[in-house]
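Me: I'm new to reading protein structures, and I'd like a close look at one sheet and what sits around it. Could you walk me through that part step by step?

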Amino acid sequence: FEGYNVLGYASASPDGTTTAYVEDIYGAATALHVVRGLEAPKRVFMDPKLRLSEPKVSPGGALVAAWARTCRKCPAAVLVIDVASGKEVYRSDAKAEPVGGFAWLGARRLGTLVRAPEPEAAAATAGSDDDDAPVGPGQRWQSVDFEAPSPKVEVLGSVSGDARLS
């Protein structure tokens, strides 16, 4: 590797043929690099407005998912990049649907743990004795399928109240 600084840990596909890592370019930007077999590292994605971290390579190495933030303390979105084209194929909405984690469920299927955003109304009534307040799903486990031209999101399960998924 010849570069500026590796940010965090690299990730490899389960078969070990594809590795991805994030390069920190002096804090001005981060770039996603991929290494396939004995080939030279290839920069596949860079957006100076995003701070990438913790990439995870899909089985087969066709896709890479990573955390993406617009600032150091901003909420993170999940960003998925097609390794062959270097194009973004999916990005979650960090404000509307905060993601608590993600894992590859297959070569073209990503599982995400989504936390329900704190509704302003619920925050305003926090600590009140209103037992009739509606309780929505606190978390949901969903899959994002990349087989179709447009990613398809399917909710696999959810919990509400004090229940938590991990």
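Reply: Happy to! Let's begin with a pair of strands: strand 6 (residues 63-69) and strand 7 (residues 77-82) run antiparallel and are joined by six bridges. Please keep in mind that this is a predicted model. To find one of these contacts for yourself, look for A68, whose bridge partner in strand 7 is A77. In general, strands of a sheet pair through backbone hydrogen bonds, either parallel or antiparallel.

Now zoom out a little. This pair belongs to an open sheet of four strands, in the order 5-6-7-8, with antiparallel pairing. At its edges you will find strand 5 (51-57) and strand 8 (88-91), each of which pairs on one side only. From one strand to the next, the twist averages 25 degrees.

Next, look at the cysteines. C71 and C74 form a disulfide, with their sulfur atoms 1.9 Å apart. A disulfide is a covalent bond between the sulfur atoms of two cysteines. The torsion about the S-S bond of C71 and C74 is about 100 degrees, and therefore this disulfide is right-handed. As for its surroundings, C71 is partly exposed, because its relative accessible area of 31% lies between the 20% and 50% cut-offs. A search of the whole structure finds one disulfide, and you have just met it: C71 with C74.

For context, there is another open sheet to look at, with four strands in the order 1-2-3-4 and antiparallel pairing. Strand 1 (6-12) and strand 4 (42-46) stand at its edges with a single partner strand each, so one side of each has no neighbour in the sheet.

Methods. Residues are numbered from 1 along each chain as its sequence is written. This is a predicted model: local features need pLDDT of at least 70, side-chain atom pairs count only at pLDDT 80 or more; totals for chains, interfaces and linings use all residues. Side-chain values use heavy atoms; hydrogens and water are left out. Two strands pair if DSSP finds at least two bridges between them. Helices (H or I, at least four residues) and strands (E, at least two) are DSSP runs, numbered from the N terminus. A disulfide is a pair of cysteine sulfur atoms within 2.5 Å. Buried means under 20% relative accessible area, exposed over 50%, partly exposed in between (1.4 Å probe, protein chains only). Axes are lines fitted to C-alpha atoms, for helices over the stretch in contact, and angles run from 0 to 180 degrees between N-to-C directions.
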